[in-house]
Amino acid sequence: MDIKFLLINILAISCICLIAISNFNVKASSQSVVINELAWAGSTASSSDEWIELKNTTSEDTDLTGWTITKQTSSGEVFMLEILENIDEPTANTILANDYFLIANNSQDHEFSGNESVLNIEPDYIKSAVSLSNSTLHIRLYDSSDELIDEAGNGDSPFTGDNTLKASMERKDPWGNGANESYWYTATTSVNFDSDVIDLGTPKADNSPEPLNPPEIMSITPDEGQIETIWIAEEMNGNNFSLDGTTQIKLEKGDISIWASDFDIESTSKISEIRFNLFGAEVGTWDLTIINPDGQNYTLDNTVILWEEEEEPEIVLDFSDTVELTELYPNPKSSEEEFIELYNSGDNAVNLNGWKLDDKSPGGSSDYLVDNDLIIGPKQYLVFTKSQTKIALNNTGDYAQLIQPNGIVLENTPNYGNSKAGESYIKIDGSWQWTENVTKGYENKLTEAENDANTVPPAFIFGPETNIKDPWIPKIELEVTKNENGVLLFWETYLPGALGGLEIYVSEDEEDLGNRISTLSPRKNQYEVNNLDPNTDYYFQIISSFNGEDIKSNRVKVKTSNTTTKISKTIGLPGQILITELLPNPESGENEFIEIHNPTDEPVNISGWKIEDASGKSYILNSLDLSIQIQNEADTGLILEPGQYLLLDYKTTKIRLNNTGGDDVILLDGEDNIIDEVTYTETTKSGIAYVLAPNGKWFWTDEITPGMKNNISFAGVLGDSDEYLVNTGSKTNILIYWLLAIFFGIIGYRMIHYEKRI
């Protein structure tokens with residue numbers, strides 16, 4: 001019985017102690033009174049015109065008598081001031097429920113070398129010892145029992161505020177850890193200052209509205225427009241677009257700005273139907289800028305190309321009457337093709353632009369229009385094949401028409417009646433007749449023996465076997481030069497507005513077109529090709545399209561230099577390398593990053609592997625950018641050792657993770673096999689990382705560990721999401737202590753009742 005009685009007492013004492021400790025921690029972290037605002041920069045009147053504002057977050061009055069404030073110096077934490085009892089006015093040190101208490105260096109009418117304090121409200125407590133550091137700011141607030149109530153800063157430069165603008169550092173509501181930068185922002189309004197003061201702060205008043213996160217532009221579609229038009233961009237994607245107030249969008253080139261006249265903000269990440277007046281605009285590459293209503297802005301450099309439509313040359317129509325129909329071939333042999341032949345009997349060349357060919361009308365085939373400059377020289381023949389004109393001459397009778405640009409039918413052949421295979425209907429001395437002697441492109445002869453090809457110049461055959469040099473068919477002229485990374489392609493296009501997309505091909509075989517490596521806008525004129533083998537012959541060619549036909553550039557051969565670096569691609573296994581941490585929304589001064597980790601016992605060569613996000617933006621891992629370990633001098637492989645972490649920051653990858661709408665991050669090997677993938681759907685918080693915990697689950701936490709093992713304390717959860725964790729600290733102790741206290745209390749209670757029953 002004595003042992004059980006002793007155990008009961010031990011348990012009871014333990015329970016009391018745990019509850020006491022828990023209560024201590026609750027009091028220390030309850031933040032009934034917080035440090036709400038700091039004028040560490042002083043004012044435009046004096047750098048000593050400083051003040052500290054406290055905020056009572058409860059519905060009860062609090063007496064601050066005996067409370068103290070300390071500050072951080074090079075010697076450590078030192079005493080700054082104590083709020084002493086006011087005998088004449090006992091309630092002077094009371095901070096009312098949900099109210100403010102202003103502690104200042106001076107009174108509101110104090111003068112600093114002729115300049116009066118900017119305050120337009122009397123402080124609640126004046127102490128000349130108020131001095132806030134501009135470089136090592138960290139103050140702590142203790143109650144009369146010397147228990148820590150709150151703190152502000154972390155001993156480094158002030159989190160927010162502005163010395164130039166004389167703007168104070170204001171606390172976010174709800175009030176988080178005051179030693180964490182994410183819970184502070186810079187004042188944007190002026191309250192309780194003299195009317196002529198331009199300082200920013202809100203002493204003894206509600207804090208300024210929290211500034212919006214700065215906007216960010218990811219892309220605009222399309223990314224090019226024609227000058228001398230009203231250009232409407234279909235959509236612009238990004239982050240933190242403001243849904244309230246007046247947002248502005250502009251194109252910039254040097255000192256010139258073109259402002260969007262109208263647009264639709266659909267969400268914080270999408271703006272559509274953006275209208276620009278490009279009349280008078282300059283051809284070239286322009287920057288794209290968005291300005292939120294609070295003045296925060298973002299510029300995407302060199303992102304919009306403005307171009308000018310090439311003027312169509314004035315067409316001078318030719319109405320010559322020296323062109324005539326001379327031969328029809330309606331029923332060809334199986335290996336041949338139907339054609340219609342023209343002849344220019346005059347002494348001058350004739351441009352057939354605007355002329356038409358047709359068969360019987362009405363009915364028959366659709367007419368064929370010559371819609372570009374096509375020259376038939378003097379005493380020359382010109383042949384049009386069926387594959388070109390799509391005119392089908394009937395075997396049972398038909399006729400052909402030659403029509404001038406003004407619609408006048410210059411010639412109409414007789415109806416030739418039934419045709420025989422392999423016979424041609426020709427004009428001899430002004431009359432039409434059938435012959436077995438087909439003279440395509442030559443002077444007509446009734447018999448084959450009379451045909452002497454050496455005496456008559458060959459015709460121009462307009463169709464698959466054309467040899468006409470048409471100046472209005474687009475061309476692409478390609479040049480290739482070597483550089484330190486590989487080769488650089490330059491090209492010039494004629495009539496680029498008529499071209500389809502440009503497809504770039506590369507091959508190591510002179511006879512083979514090779515692989516398509518990129519598809520570009522016809523407005524582009526250069527492209528850099530990397531990841532080539534050194535000292536190797538490569539063949540490059542560009543292919544586009546015009547009116548459904550391929551337009552090919554010249555084929556260029558180039559030999560890479562001995563210093564060209566080839567990124568060898570390797571194959572991996574799913575889960576061999578893991579994505580372990582993402583920071584999509586860094587705090588000011590930090591970079592976004594993606595972290596990967598080798599969890600295996602073997603080194604893994606990740607050369608040529610790729611990181612990609614949901615937008616398709618990708619980065620190929622290579623040892624030139626990521627010098628963590630080179631396997632040997634002859635091999636440029638990128639080796640990730642067992643247990644090693646690799647940090648891929650935005651400066652390296654140029655992959656910008658979404659802050660709203662979520663994102664996907666995919667790790668692929670050299671053959672585009674998915675090795676690992678992670679998805680988040682939440683709107684991200686500043687300074688909060690998405691990390692892989694030891695239990696295999698992903699959590700949001702402010703315990704950021706770039707390039708190192710993730711430090712997940714599982715200390716507790718924030719109120720807004722069970723996937724957001726907090727740092728190890730008083731909340732951990734509170735949770736553990738309360739659980740233990742309840743556990744031991746239940747055991748003690750049951751044992752006491754057990755004794756009573758005995």
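How many aromatic pairs does the structure hold? The structure, a predicted model, holds 13 aromatic pairs. Two of these pairs and further local features are described in the legends below.

**View 1. The aromatic pair of Tyr538 and Phe540.** The ring centres of Tyr538 and Phe540 lie 6.4 Å apart, and the ring planes stand at 35 degrees. The pair counts as tilted because its plane angle is neither under 30 degrees nor over 60. Tyr538 and Phe540 are both buried.

**View 2. The aromatic pair of Tyr690 and Trp700.** Here the ring centres are 4.4 Å apart and the planes are at 25 degrees, so Tyr690 and Trp700 are stacked. Tyr690 belongs to strand 54 (residues 689-692), whereas Trp700 belongs to strand 55 (residues 698-701). The pair therefore ties together parts that are 10 residues apart in sequence. Both Tyr690 and Trp700 are buried.

**View 3. An aromatic cluster with two Tyr and two Trp residues.** Tyr416 and Tyr425 form one aromatic cluster together with Trp432 and Trp434.

**View 4. An open sheet of 5 strands.** The strand order is 16-23-22-18-19, and the pairing is mixed. Strand 16 (224-226) and strand 19 (256-259) stand at the edges. Each of these edge strands has a single partner strand, so one side of each is left without a neighbour in the sheet. On average, neighbouring strands of this sheet are turned by 35 degrees against each other, direction ignored.

**View 5. The pairing of strand 18 with strand 22.** Strand 18 (residues 248-253) pairs with strand 22 in the antiparallel sense, over 5 bridges. Glu252 has Asp287, in strand 22, as its bridge partner. Strands of a sheet pair through backbone hydrogen bonds, in either a parallel or an antiparallel way.

**View 6. A nonpolar surface patch with Phe279.** Ile230, Ile232 and Phe279 make this patch, which covers about 260 Å². Phe279 is found in the loop that runs between strand 21 (270-277) and strand 22 (284-291).

**View 7. Ile149 in strand 12 and its contact in space with Val33.** Strand 12 (residues 148-153) contains Ile149. The relative accessible area of Ile149 is 5%, and the residue counts as buried because the cut-off is under 20%. From C-alpha to C-alpha, Ile149 and Val33 are 7.0 Å apart in space, while they are 116 residues apart in sequence.

Definitions and conventions. Residues numbered from 1 in each chain as written. Predicted model: local features only at pLDDT ≥ 70, side-chain atom pairs only at ≥ 80, totals over all residues. Heavy atoms only, no water. Patch = residues over 30% accessible without salt bridge, like charges linked within 9 Å, V, L, I, M, F, W, Y side chains within 5 Å. Areas by Shrake-Rupley, 256 points an atom, 1.4 Å probe, with all protein chains shown as cover. Salt bridge = Lys/Arg side-chain N within 4 Å of Asp/Glu carboxyl O. Helix = DSSP H or I, 4+ residues; strand = E, 2+ residues; numbered from the N terminus. Pairing = 2+ DSSP bridges. Axes fitted to C-alpha atoms, helices over the stretch in contact; angles between N-to-C directions. Phe/Tyr/Trp six-rings, centres within 6.5 Å; stacked < 30°, edge-to-face > 60°. Buried < 20%, exposed > 50% of the residue type's maximum accessible area, 1.4 Å probe, protein only.
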